[in-house]
Amino acid sequence: MAAPTGTYVSSALTAETRAQLRESAAQCARSATTDPAALTALRRSGVLATAVPHRYGGQGGDGAEVNRVVADLASVNPSLAIIAFQHFAVTARIAEWGAPEQQERLLPGLADGSLLAASAWSEPNAGAAKQNVSSAGVLREDGTWVLNGAKSFATGAGVADLYLVLVRTRTGSEESVRGHYGAPDQSFFLVEAGNPGLRPDTGPVLAGMRGSATGLIELVECAVPDRDRVGPLGHAAEIIAGVRRTGATLGAVALGIAQEAVQVAEEHAERRGLLELDTVRHRLVELWVQLEAVRAVVALAGARTSSDPGSTTLRSKLFATESAERICSEVARMVSSAGYVADHPVVRMLADVRGVAMMGPTSDLCRTLLAAEWQR
C-alpha cells in the first residue's frame with residue numbers, strides 16, 4: 001500500500017536504515033535490550049548533526065527541524081527517537097551555554113556521531129520534579145568538582161559517551177536563579193562515560209521504550225574539572241526554562257508513534273477488505289483528524305510564533321502524548337483480537353507512547369507548570 005495521504009515527514013533516513021531500525025524496534029521489544037547495530041546505524045545516519053551549528057559540522061537545525069527528525073525516527077523506532085531527542089537537547093545546551101572551548105572540543109563529535117550525548121536529571125526520590133534534586137557537587141581546593149548522587153530513568157544509560165548531569169552546587173558564590181522547573185544553586189556538568197565515578201545501570205525492565213537503554217546513573221566521588229560545567233553556577237533553572245523556548249518537544253515522539261499507528265489501521269482495513277464499510281472509513285477519518293491535531297500542535301511549538309513559546313511547548317507535549325495514546329488505543333480496538341497479541345506492533349506502540357507521557361516533564365508536571373502561569 002502507498003503511504004497514506006498526508007504523511008508528514010520527508011525522511012532524513014535512507015530506506016535501508018528505516019527498515020533496519022523498524023526491525024530493531026520489534027527485536028528490542030522482545031529482548032528488552034538495546035540493539036548495538038541500531039545505535040551504530042543511528043550514529044552513521046547523519047541525523048545526530050541536526051542541532052549542531054554549521055560551523056562545527058552540523059546542520060544548524062532549530063526546534064522545528066529537531067521535531068521533524070524525531071517524529072520520523074519515532075515512526076520506525078520510538079526508543080531510538082528518545083535517545084536522539086536527548087542527544088539533541090544536550091547538543092543545544094552546549095551550543096547555547098557552553099564555553100567556546102567546550103564547543104570546539106565536543107560539538108564536532110556530537111555532529112558526526114562519534115559522541116552520543118544523554119541527560120541525567122531525574123532522581124529516584126524526585127522524579128521529574130527538578131527542584132527536588134539532591135545530587136550534589138562539591139568544589140575542591142584544586143578547582144575540580146566532586147559529584148555524588150543517583151539519577152533514575154536516564155535514557156542512553158551505558159550507551160552514551162557524554163552525560164549532562166544536574167546537581168546542587170552550594171559554594172556561596174554563585175548567583176542563584178529560581179524557576180518552577182528547577183531550584184536555586186543547581187548547576188549542570190558534562191561527565192564523560194569513561195569517568196570512573198560515573199556508574200550506569202540499565203535498571204528495571206520497562207513496559208515500553210525497551211530499546212532506549214533507560215536506566216540508572218550512580219555518581220560516586222565523580223571528579224570533573226570546572227571546564228566541564230555548562231553555564232554559570234546556580235543557573236540550571238534558567239537553562240532548563242530555555243529548553244522549552246526552543247520549541248523542541250517530546251510531543252514529536254508521540255506524533256511519530258501515532259502516525260505509524262494510523263498507518264497500521266489503514267493497512268489492516270485494506271488487508272481485511274473493510275474499506276467498503278462506512279463505519280470503518282468513518283473511524284479512519286476520526287483517527288486522521290486526531291492525528292492532524294497532534295501534528296498541528298507540534299508544528300506550532302517548533303515554529304515558536306505563539307505569544308509564549310515555552311508554554312506552547314509544554315502544551316504540545318501534554319496534548320500530543322495523551323492524544324497519541326487515544327489514537328493507539330482506538331487502533332488496537334480496530335484490529336480486534338490481533339491487537340491483543342503481545343508481538344503486534346500496536347501493542348508496542350501503546351507501551352511506548354505511555355512511556356512518553358511519563359518522561360520529563362511528565363503530563364502531570366506539564367499541568368503544574370502551566371497552571372502556575374495564573375499564579376504569576
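**Exercise 1.** Is glutamine 27 buried, exposed or partly exposed?

*Solution.* Keep in mind that we're working with a predicted model. Start by locating the residue: glutamine 27 sits in helix 1, which covers residues 15-31. Next, look at its relative accessible area, which is 37%. Buried means under 20% and exposed means over 50%. Glutamine 27, at 37%, is therefore partly exposed.

**Exercise 2.** Work out which strands pair with strand 3, and how.

*Solution.* Take strand 2 (residues 136-139) to begin with: it pairs with strand 3 (residues 144-154) in the antiparallel sense, over four bridges. One of the contacts to look for joins valine 138 to its bridge partner in strand 3, valine 146. Now check the link: strands 2 and 3 make a hairpin with four residues between them. In that turn, glycine 143 has a positive phi of about 90°.

Then move on to strand 7 (residues 215-225), which also pairs with strand 3 in the antiparallel sense, this time over eight bridges. Here leucine 147 has cysteine 222 of strand 7 as its bridge partner.

**Exercise 3.** Find out how many disulfides there are, then check cysteine 28 and cysteine 328.

*Solution.* The sulfur atoms of a disulfide must lie within 2.5 Å of each other. By this rule, the count is zero. Cysteine 28 shows how it goes: its nearest cysteine sulfur, on cysteine 328, is 18 Å away, so cysteine 28 is in no disulfide. For cysteine 328, the nearest cysteine sulfur belongs to cysteine 366 and is 18 Å away, so no disulfide here either.

Last step, accessibility: cysteine 28 comes out at 7%, so it counts as buried. Cysteine 328 is buried as well, at 0%.

Key: Residues are numbered from 1 along each chain as its sequence is written. This is a predicted model: local features need pLDDT of at least 70, side-chain atom pairs count only at pLDDT 80 or more; totals for chains, interfaces and linings use all residues. Side-chain values use heavy atoms; hydrogens and water are left out. Helices (H or I, at least four residues) and strands (E, at least two) are DSSP runs, numbered from the N terminus. Buried means under 20% relative accessible area, exposed over 50%, partly exposed in between (1.4 Å probe, protein chains only). Two strands pair if DSSP finds at least two bridges between them.
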